[in-house]
Amino acid sequence: MNKIPAVLIEKDEKKIDLLLNFLDTFPEIGKTRYSNDIYDLEIVLAKKEPAVVLIGPTYSLTTIEDMLKHYADALNRIRVILLSSEISAKLLKHALKMNIHDVLEYPVQEKDFRESLKRTSYLFETKESILQSAAQECKKIMFFSTKGGSGNTFLSINFAIALKQKTKNEVSIYDLNYQFGDVALMLNIYPKNTIFDLISLNKYDDESLDVFLIRHNSGIRILPAPIDPSQGESIDADATSKILQAMGRINNYVVIDAPFSFSNLVISAIKKADHLFITATKDVPSVKNLKICLQLLDRLNYSRENISVILNRSDSKMEFEIDEIEKTIKRKIDFKIPSDRMVPISINKGIPAITGAPRSLVVKNIIKMLEILNTEEGNIKIR
Ligand SMILES: Nc1ncnc2c1ncn2[C@@H]1O[C@H](COP(=O)(O)OP(=O)(O)OP(=O)(O)O)[C@@H](O)[C@H]1O
Ligand SMILES: [Mg+2]
């Protein structure tokens, strides 16, 4: 049997230590992650990676009820075991309703925990490779702007290269701007074939994709948008979804450069994105659209934790100050990118800023955006 990954969430540090030592005595338990913040449970549930999650006695079932309801579909892969100093029939009934795997009395008896583990072990008996591939699923990171000309394409390209440099993994850019996509142009690439030809071929196996994905000298690959805007009109959400799925098989990260619009195409891509960067600027139309956009994402139930707001040209003198924008949108701006003359120069030359001007403040701030890779783990530490 494969080792069972465990997560422990408990507020009291002493109890964490005791429970970690307790878990150490079970050879079937593998990597154990722990946190003293109950909201990290949300991160674990959102990731849906198979694990046994122990909720320590300081937290009650009512504290986690909303999270369990919200991520109900995660509970067929994640087994939650609630530890409680007092077990009543009412608590057991409530736990059953919430799909909790087990409620065990704290301090936990070895035989109770072993029995509980036994009932879930089948979940972890799948081949190592299947579990690994689930864990290594390709992450789709989407850039979306609140107004045309916000710097969305510039930022997606440079972020993708920064991601490649940092992770050394396979990173591709998907140009979702089927009418006026300019990712290839900004990288000095003049493609013979584009996504339109791939769709005409209607073959999405790894080999076909390899032919259509163009390698840039930074190491990232690009699936270019059609050259003729009229070709773009015929590409729908279904074809987009097929290609994105196929690209997921051969990439660790796919960065999607989306056009400014709330079309069905963009919304369906948003739903598939693991993280969303929203690029805004300091002018009134952009801030108004940013507010509307965040409200729409709420309505789509897109997790707020997976959204980062970028303020591009953040030092420019415009109608809004940063704190006014934050008050208006009722959340923090996550990343600020200053204005720099180097940006239009780098775009015109087709040399990405990340390689052409690595010491610039713009690039330093783009590199900061890689933080999203860590924050997904929240406060969780690994033992
Ligand atoms: N931080 C910056 N400093 C100076 N100029 C910038 C900055 N960011 C973007 N620009 C300029 O803004 C213009 C638009 O950038 P870009 O094409 O990346 O935006 P976009 O949001 O993708 O636009 P579109 O709506 O056309 O897709 C570019 O000409 C670029 O030079
Ligand atoms: Mg663009």
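# Notebook: loops, sheet and domains of a predicted model

**Entry 1. Arg-313.** I began with Arg-313, which is partly exposed because 19 other C-beta atoms lie within 10 Å, whereas 20 or more would be needed for a residue to count as buried. I note at once that this is a predicted model. I located Arg-313 in the loop between S12 and helix H15 (322-329). I then looked up its backbone: phi of Arg-313 is near 55 degrees, a positive value in a residue other than glycine. For background, I recorded that most residues other than glycine have a negative phi.

**Entry 2. Other loop residues.** I next turned to Asn-301, found in the loop between helix H14 (284-299) and S12. Its phi is near 60 degrees, again positive in a residue other than glycine. Is Asn-301 buried or exposed? I found 8 C-beta neighbours inside 10 Å, so Asn-301 counts as exposed. The cut-off for that class is 12 or fewer.

I also looked up Asn-76, which is in the loop between H3 and S4. Asn-76 is exposed, with 11 other C-beta atoms within 10 Å. From Asn-76 to Asn-289 I noted 38 Å in space, C-alpha to C-alpha, and 213 residues in sequence.

**Entry 3. A cis peptide bond.** I looked up the bond between Tyr-106 and Pro-107 and found it to be cis, with omega at about -5 degrees. I recorded as background that most peptide bonds are trans. Pro-107 is in the loop between strand S5 (102-105) and helix H5 (110-118).

**Entry 4. Strand S1 and its partners.** I moved to the start of the chain. Strand S1 covers residues 4-9, and five of its six residues are buried. Which strand do five bridges join to S1? I found strand S2 (residues 29-35), which runs parallel to S1. Within this pair, Val-7 has Arg-33 in S2 as its bridge partner. The path from S1 to S2 passes through helix H1 (residues 13-24), and this β-α-β crossover is right-handed.

S1 also has four bridges to strand S3 (residues 51-55), and these two strands run parallel. Here the bridge partner of Ile-9 is Ile-55 in S3. I added a general remark that strands of a sheet pair through backbone hydrogen bonds, either parallel or antiparallel.

**Entry 5. Helix H2.** I then examined helix H2 (residues 40-47), which is mostly covered, with six of its eight residues buried. Which residues of H2 are buried? They are Asp-40, Leu-41, Glu-42, Ile-43, Val-44 and Leu-45. Their cover includes S1, S2, S3, helix H3 (61-70) and strand S4 (78-84). H2 is followed by Lys-48, whose phi is positive, near 60 degrees.

**Entry 6. The eight-stranded sheet.** I traced an open sheet of eight strands in the order S8-S9-S7-S10-S6-S11-S12-S13, with mixed pairing. Strand S8 (214-215) and strand S13 (335-337) stand at the edges; each has a single partner strand, so one side of each is left without a neighbour in the sheet. I followed the S13 edge further: three bridges join S13 to strand S12 (residues 307-312), and the two run parallel. Ile-310 stands opposite Phe-335 in S13.

Which strands does helix H7 (residues 152-167) lie across? I listed strand S6 (139-145), strand S7 (171-175), strand S10 (253-257), strand S11 (275-280), S12 and S13. H7 runs at about 170 degrees to S10.

**Entry 7. The whole protein.** Lastly I recorded the overall figures. The protein has 19 helices and 14 strands. Its radius of gyration is 23 Å, close to the 21 Å that the globule rule gives for 383 residues, so the protein is as compact as a globular protein of that length. Along its principal axes, the C-alpha trace spans about 70 × 50 × 35 Å.

I noted that 38% of the 383 residues count as buried. Among contacts between residues at least 6 apart in sequence, 75% join residues at least 24 apart.

How is the protein divided into domains, by residue number? I entered domain 1 as 4-132 and domain 2 as 138-377. The C-alpha centres of domain 1 and domain 2 lie 37 Å apart.

Definitions and conventions. Residues are numbered from 1 along each chain as its sequence is written. Chains are lettered from A and ligands numbered from 1 in the order in which they are written. This is a predicted model: local features need pLDDT of at least 70, side-chain atom pairs count only at pLDDT 80 or more; totals for chains, interfaces and linings use all residues. Two strands pair if DSSP finds at least two bridges between them. Two residues are in contact if their C-beta atoms, placed from the backbone, lie within 7 Å. Axes are lines fitted to C-alpha atoms, for helices over the stretch in contact, and angles run from 0 to 180 degrees between N-to-C directions. Domain bounds come from an automatic or database domain assignment. The radius of gyration is taken over C-alpha atoms; the globule rule is 2.2 Å times the number of residues to the power 0.38. A crossover is right-handed if, with the strands pointing away from the viewer, the path from the first strand over the helix to the second runs clockwise.
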